[in-house]
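This report is for a reader who meets the structure for the first time. Please keep the sequence and the model at hand while reading.

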Amino acid sequence: MTKISRRAALASAAALPFATAVAPTAASAMVEKKGPSGPIHNRFLLGDFEVTALLAGTRTVEDDPQGTFGMNVDADTFQQVSRDNFIPDDKSQFFFTPTVVNTGSELILFDTGLNAGGITTALAAAGYTPDQITHVVITHMHGDHIGGLMNDGAETFPNAAYVTGQVEFDTTDGTGNEGFDNNVKPLAEKTTFIGDGDAVTSGVTGMAAFGHTPGHMIYMLESGGEQLVLTADTANHYVWSLAYPDWEVRFDRDKAAAAQTRRQVYGMLAADRIPFIGYHMPFPAMGFVEARDDGFRYVPASYQMML
């Protein structure tokens, strides 16, 4: 029996791909690249609720991220934290994730994306039509949350009632917010205004999370003994905001209050091991929080909601 040394075997294997390479056929050479792709909705059960996260848009910002995140830390720290988390420090990726909750008697949409086209396309991909939405809940009045409320001056969701925080509405009214004036204020007569601890419907409760905006609200979902929190813009990035809650974010109106809110909200989620969906987290935007050092670690959900 011929014996082959390990070194000879490895050398032979290394050479094999070159020895057996086959030139592409004309047909295979003409197949064009398809471009990057990924899921655009994520659906799962939460007790008796059916929850669907929608990717209503994503974009790369080719700019200095530290002009938006970590504004109060030095450049070396920002670069090292980015490197430690395997993300570039010279560009960022933004995600916009409205969420649909089917309670069995209501179909509730939380936030509406940048525009009507984005949210209706996302809904259609998930199997819904705008006329099926019974309630639209607005967490706060930034344009990427209220932009899809109107479509050429008409309501995008013709059969919906609207819910938003009283403080958020009152502190935005009269400030010259064009999106609010065009998209939200015309719906005031169809809107219910709530505060901290008020219910949208059974199992859906508003929670004050002020700081990002003066009346920013998040929502606790509870069904069948299970919980999940829609944290909206409590953190705008899973590293540069959530993991380091004291890092200042340009979009936060009251930066000290926003930092305090991040500590309170994510501290609760970590202590109680409650999953959450964050509007700007990497899609599918759902995960868990672990307390770490003086901040937190974002743990993306894997198969937990499938069990």
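What follows moves from the whole chain to its empty spaces, and then to one histidine and one helix.

## The chain as a whole

The model described here is a predicted one. Its protein chain holds nine helices and 18 strands, and the C-alpha trace spans about 85 × 45 × 40 Å along its principal axes.

Of the 307 residues in the protein chain, 45% are buried. When the contacts with a separation of 6 or more are considered, 67% of them join residues that stand 24 or more positions apart.

## Enclosed cavities

Rolling a probe the size of a water molecule over the atoms shows where empty space is left. A search of the whole structure for cavities of 30 Å³ or more finds two. The largest cavity contains about 80 Å³ of space, and its lining is made up of T97, P98, T99, F110, D111, T139, Y219, L230, A232, I277 and Y279. Sorted by class, the residues of this lining are seven nonpolar, three polar and one charged.

The second largest cavity holds about 60 Å³ of space, and the residues around it are I138, L149, Y162, V163, T164, V184, L187 and T191. Strand β10, which covers residues 161-165, gives the most to this lining, with three residues. By class, the lining of the second largest cavity comprises six nonpolar and two polar residues, with no charged residue.

## Open pockets

The largest pocket offers about 270 Å³ of space. Its lining counts 19 residues, and those that lie nearest the centre of the pocket are R59, T68, F94, R250 and F251. Strands β3 (57-61) and β4 (92-96) each supply at least two residues of this lining, and β4 gives the most, with three residues. The classes in the lining of the largest pocket are six nonpolar, seven polar and six charged residues.

The second largest pocket has a volume of about 220 Å³. It is lined by 14 residues, of which I87, Q93, F95, H237 and Y238 are the closest to its centre. Two or more residues of this lining come from each of β4 and α8 (238-243), and here β4 gives the most, with three residues. In the lining of the second largest pocket there are seven nonpolar residues, six polar residues and one charged residue. Strand β4 thus appears in the account of both pockets, since it gives the most to the lining of the largest pocket and also the most to that of the second largest.

## A histidine in a loop

Is H216 buried or exposed? The residue belongs to the loop between β13 (204-208) and β14 (217-223), and because its relative accessibility is 0%, H216 counts as buried, the cut-off for that class being under 20%.

The side chain of H216 reaches the backbone nitrogen of D233 at a distance of 3.1 Å. Leaving aside residues up to four places away in sequence, H216 touches T139, H140, E168, M207, A208, A209, F210, T231, A232, D233 and T234. Among these contacts are T139 and A232, both of which also line the largest cavity.

## The two sides of helix α3

Helix α3 runs over residues 75-84, and F78, V81 and S82 are buried in it. These three lie on the same side of α3, because they cover an arc of only 100° around the axis. An α-helix has 3.6 residues a turn, so residues three or four places apart point the same way. The exposed residues D76 and R83 are carried by the face of α3 turned away from its buried side. What covers the buried residues of α3 includes α8, the helix that also gives two or more residues to the lining of the second largest pocket.

The ends of this helix can be described as well. At its start, a side-chain oxygen of D74 comes to within 3.1 Å of the backbone nitrogen of D76, a residue that is also one of the exposed ones on the face turned away from the buried side. Just after α3, F86 takes a positive phi of about 60°.

Key:
Residues are numbered from 1 along each chain as its sequence is written. This is a predicted model: local features need pLDDT of at least 70, side-chain atom pairs count only at pLDDT 80 or more; totals for chains, interfaces and linings use all residues. Side-chain values use heavy atoms; hydrogens and water are left out. On a 1 Å grid over the protein atoms alone, a cavity is a set of points where a 1.4 Å probe fits but cannot get out, and a pocket is an open set with protein on both sides within 12 Å along at least five of seven lines; lining residues have an atom within 4 Å of a point. Grid points are joined across faces, edges and corners, and a volume is the space filled by probe spheres set on the points. Ala, Val, Leu, Ile, Met, Phe, Trp, Tyr, Cys and Pro count as nonpolar, Asp, Glu, Lys and Arg as charged, and the others, Gly among them, as polar. Helices (H or I, at least four residues) and strands (E, at least two) are DSSP runs, numbered from the N terminus. Buried means under 20% relative accessible area, exposed over 50%, partly exposed in between (1.4 Å probe, protein chains only). A polar contact is a pair of N or O atoms within 3.5 Å; within protein, one must be able to donate a hydrogen and the other to accept it, and residues adjacent in sequence count only if both atoms are side-chain atoms. Contact means heavy atoms within 4.5 Å. The arc is that of the directions from the helix axis to the C-beta atoms.
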